[in-house]
Amino acid sequence: MTQAIILTMVNSKEQGKLIAHNLVEAKLAACVNIIEKATSVYWWQGKVCEEPELLLIIKTESANFAEVKERILSLHEYELPEVIMFNIDKGYDEYLKWITANS
């Protein structure tokens with residue numbers, strides 16, 4: 001099994017909790033960290049925007065990506081939400097086993 005980190009940004013703690021609880025309760029993620037006080041600067045619809053956001057760090061199995069992505073897209077308020085996955089190459093074996101067992 002290959003464990004992974006999936007990232008997405010949200011505009012409120014309520015939105016982050018909704019997505020996090022949905023993924024963990026469905027056993028699509030072992031854990032979701034909600035990191036507050038991020039500032040995103042990005043190009044959108046012909047201009048540079050700057051917004052406060054929260055970062056969701058989703059720990060899961062890479063095989064769950066399609067379903068996690070669909071859950072995020074169905075729950076997310078953004079027109080074009082960020083959904084990016086990175087495979088975990090190395091880590092504490094016991095923690096990686098825990099991710100596998102719980103997602």
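## Starting in a loop: Lys27

Lys27 sits in the loop that links helix H1 (13–25) to strand S2 (31–44). This is a predicted model, so keep that in mind throughout. The backbone at Lys27 does something that catches the eye: phi is positive, about 60 degrees, although the residue is not a glycine. As for its surroundings, Lys27 counts as partly exposed, because its relative accessible area is 42% and the partly exposed range runs between 20% and 50%.

## Another positive phi: Lys37

Lys37 also has a positive phi, about 70 degrees here, and again the residue is not a glycine. Lys37 is part of strand S2. Is Lys37 buried or exposed? With a relative accessible area of 80%, Lys37 is exposed.

## The overall layout

Stepping back to the whole chain, you'll find three helices and four strands. Read from the N terminus, they come in the order β-α-β-β-α-β-α. How does that add up in space? The radius of gyration is 14 Å and the globule rule gives 13 Å for 103 residues, so the chain is as compact as a globular protein of that length. If you lay the C-alpha trace along its principal axes, it spans about 45 × 25 × 25 Å.

Contacts reach a long way along the sequence. Take the contacts between residues at least 6 apart in sequence: 73% of them join residues at least 24 apart.

## Surface and charge

Of the 103 residues, 36% count as buried. The accessible surface of the chain comes to about 6,400 Å², and carbon and sulfur atoms account for 54% of that.

On the charge side, the chain carries 10 positive and 15 negative charges. Average the positions of each set and the two mean positions end up 5 Å apart.

## Where the ends of the sequence meet: Asn87

Asn87 belongs to strand S4 (residues 84–87). Which residues does Asn87 touch, once neighbours within four places in sequence are left aside? Its contacts are Thr2, Gln3, Ala4 and Ser62. Ala4 is worth a look in the viewer: Asn87 and Ala4 are 83 residues apart along the chain, yet their C-alpha atoms are separated by 4.2 Å. Asn87 itself is partly exposed, at 41% relative accessibility.

## Strand S3 and Val48

Val48 is in strand S3 (residues 47–61). Setting aside neighbours within four places in sequence, Val48 is in contact with Val41, Tyr42 and Trp43. You might wonder why a valine is labelled exposed here. Val48 has 56% relative accessibility, and anything over 50% counts as exposed, so that is the label Val48 gets.

## Helix H2 and the loop after it

Glu70 is in helix H2. Glu70 is partly exposed, with a relative accessible area of 46%. In sequence, Glu70 and Ile88 are 18 residues apart; in space, their C-alpha atoms are 21 Å apart.

Follow the chain on and you come to Pro81, in the loop between helix H2 (65–75) and S4. Pro81 is buried, because its relative accessible area is 14% and the cut-off for buried is under 20%. Neighbours within four places in sequence aside, Pro81 is in contact with Leu73 and His76. Ala30 is another matter: Pro81 and Ala30 lie 51 residues apart in sequence and 21 Å apart in space, C-alpha to C-alpha.

## An aromatic pair in helix H3

How many aromatic pairs does the chain have? The count comes to one. The partners are Tyr95 and Trp98, with ring centres 5.4 Å apart and 35 degrees between the planes. That makes the pair tilted, because stacked would need planes under 30 degrees apart and edge-to-face over 60.

Both partners lie in helix H3 (residues 93–101). Tyr95 and Trp98 are three residues apart, which is about one turn of the helix. Tyr95 is partly exposed, with a relative accessible area of 34%. Trp98 is partly exposed too, and its relative accessible area is also 34%.

Methods. Residues are numbered from 1 along each chain as its sequence is written. This is a predicted model: local features need pLDDT of at least 70, side-chain atom pairs count only at pLDDT 80 or more; totals for chains, interfaces and linings use all residues. Side-chain values use heavy atoms; hydrogens and water are left out. Helices (H or I, at least four residues) and strands (E, at least two) are DSSP runs, numbered from the N terminus. The radius of gyration is taken over C-alpha atoms; the globule rule is 2.2 Å times the number of residues to the power 0.38. Buried means under 20% relative accessible area, exposed over 50%, partly exposed in between (1.4 Å probe, protein chains only). Contact means heavy atoms within 4.5 Å. Accessible areas come from the Shrake-Rupley method with a 1.4 Å probe; for residues, only the protein chains shown count as cover. Lys and Arg count as positive and Asp and Glu as negative; His and the chain ends are not counted. The place of a charge is taken as NZ of Lys, CZ of Arg, CG of Asp or CD of Glu. Rings of Phe, Tyr and Trp (its six-membered ring) pair if their centres lie within 6.5 Å; planes under 30 degrees apart count as stacked, over 60 as edge-to-face and the rest as tilted.
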